[in-house]
Amino acid sequence: MLSPVRWENSRLKLLDQTLLPAEERVLSLSRAEEVAEAIRRLAVRGAPALGVAAAYGVVLGVRDASSVEELAQRFDEAYELLQSTRPTAVNLRWALERQRRLLERDLLRGLPPREIADALLEEAHRIRREDVEANRRLGEHGAELLPPGARVLTHCNAGALATAGYGTALGVVRAAWAQGKLKKVWVDETRPLLQGARLTAWELQKEGIPYEIVVDGAAGALMARGLVDAVITGADRVAANGDVANKIGTYPLAVLAHRHGIPFYAALPTSTIDPEIPHGGAIPIEERDPEEVFTVLGRRVAPQGASARNYAFDVTPHELVTALITEVGVLRPPFADSIPEALSRPEAVYRHGQP
Ligand code: MRU
């Protein structure tokens, strides 16, 4: 199984996603600072994968501490550093908080630093494992929603690369393909960094799942021609009312889907839900370097002196979301009711991060 984030020989191994599909290079990281840097430049990306990488990042930050005081201080430094890398994906904070709770428990138990570092490593392994399991389960739930011969449109990359493995939106695609229900995937190229054309296409091709890449502006024409049965995307954060923050360009897809009577689904583990955020307007939206907009794969296309705005994410209002596909099942509106119910279920990964 394709896994972009794994622990091997006491190091964090990341498949460098900035180089795909041209080159499959694995980074071998031994310091929390290197993990933060890899997250900032999108060598590792996608909300669940960011959570897993951060969970291992704090392990790298603390593991050489010689006293519990030093370990606690190093933990705080690594936490802050990793947390500051990308603001929108809540899985990052969720995983770091999960590690913090474990640390506080073990400090109280009076464990020596070596044992605490080992416990944090075990927890990072668990976060990783649970993410793959959640994706497999949500994939099954999502596949049930699709008609036979489904043509699914997706945006950005919510695949194995964006998670610990299997994927969320592409988890649904994988499950539907395995069941013989899927005809093809429309892959939005996803400017400015082309996660669709580079990463989603690469993943689907490896699995022999039929796809065609389209430019981001093509969705309306495809829908008007009757060529799309469902839109399925991932999510970086879902607010308590069901508003969904995801890669810039997701919101217009939901508007178009509504106009054409096509279901719009967001697929996510419950660790992507932030019940403390009441609505999407309160979700912090990352703004990235305008340079990404001026260039295509490093080659400048805009004139010198041009200006640009580079919001990395947008918010799809819950009224446009047909359902949220999660590991505990398919959540329907009103999300203000179905979300708390889902989060309280013992099998929800969200709960595993709670006190
Ligand atoms: O900027 P990125 O590539 O990290 O954005 C990723 C997305 O928008 C994904 O759709 C989201 O994180 C869900 S990944 C399962």
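In this predicted model, the side chains of glutamate 24 and lysine 206 meet in a salt bridge, with a distance of 3.7 Å from N to O. The two partners of this pair come from distant parts of the chain, since glutamate 24 is placed in the loop between strand S2 (11–15) and strand S3 (26–29), while lysine 206 belongs to helix H7 (residues 195–207), 182 residues apart. A second salt bridge joins arginine 98 to glutamate 123, and here the closest N and O atoms are 2.8 Å apart. Because arginine 98 lies in helix H4 (residues 90–108) and glutamate 123 in helix H5 (residues 113–143), this pair ties together parts that are 25 residues apart in sequence. Both arginine 98 and glutamate 123 are buried.

A further salt bridge is formed by the side chains of aspartate 106 and arginine 109, at 3.0 Å from N to O. The two ends of this pair fall into opposite classes of accessibility: aspartate 106 has a relative accessibility of 0% and therefore counts as buried, whereas arginine 109, at 52% relative accessibility, counts as exposed, the cut-off for the exposed class being over 50%. Salt bridges also occur as a network, in which Asp76, Glu97, Arg100 and Arg101 are linked. In total, the structure holds 28 salt bridges.

The surroundings of the ligand were examined next. The ligand sits in the largest cavity, and 18 residues surround the ligand, the closest being Arg45, Ala47, Arg86, Asn246 and Lys247. Among the elements that contribute to this shell are helix H2 (47–62) and strand S9 (244–247), each of which supplies at least two of its residues. Oxygen atoms of the ligand take part in several contacts with the protein. At arginine 86, an N or O atom of the side chain lies 2.7 Å from an oxygen atom of the ligand, and at glutamine 195, an N or O atom of the side chain is found 2.9 Å from an oxygen atom of the ligand. Glycine 46 contributes through its backbone instead, with a polar backbone atom 3.1 Å from an oxygen atom of the ligand. Taken alone, the ligand exposes 420 Å², and the protein buries 100% of that area.

Another set of polar contacts is centred on threonine 326, a residue of strand S15 (residues 323–326). With a relative accessibility of 0%, threonine 326 counts as buried, because the buried class covers values under 20%. A polar atom of the threonine 326 side chain lies 2.9 Å from the backbone oxygen of glycine 329, and a polar atom of this side chain also lies 3.1 Å from the backbone nitrogen of valine 328. The side chain of threonine 326 is thus placed in contact with the backbone of both valine 328 and glycine 329.

Proline 87, finally, is located in the loop between helix H3 (68–83) and H4, the helix that also contains arginine 98. The relative accessible area of proline 87 is 35%, and this residue is therefore partly exposed, a class that lies between the buried limit of 20% and the exposed limit of 50%. Although proline 87 and aspartate 236 are 149 residues apart along the chain, their C-alpha atoms are separated by 9.7 Å.

Conventions:
Residues numbered from 1 in each chain as written. Predicted model: local features only at pLDDT ≥ 70, side-chain atom pairs only at ≥ 80, totals over all residues. Heavy atoms only, no water. Salt bridge = Lys/Arg side-chain N within 4 Å of Asp/Glu carboxyl O. Helix = DSSP H or I, 4+ residues; strand = E, 2+ residues; numbered from the N terminus. Buried < 20%, exposed > 50% of the residue type's maximum accessible area, 1.4 Å probe, protein only. Near = heavy atom within 4 Å. Polar contact = N/O pair within 3.5 Å; in protein donor to acceptor, adjacent residues only side chain to side chain. Areas by Shrake-Rupley, 256 points an atom, 1.4 Å probe, with all protein chains shown as cover. 1 Å grid on protein atoms, 1.4 Å probe; cavity = no way out; pocket = protein on both sides within 12 Å on 5 of 7 lines; lining within 4 Å. Sits in = over half its atoms within 2 Å of the grid points.
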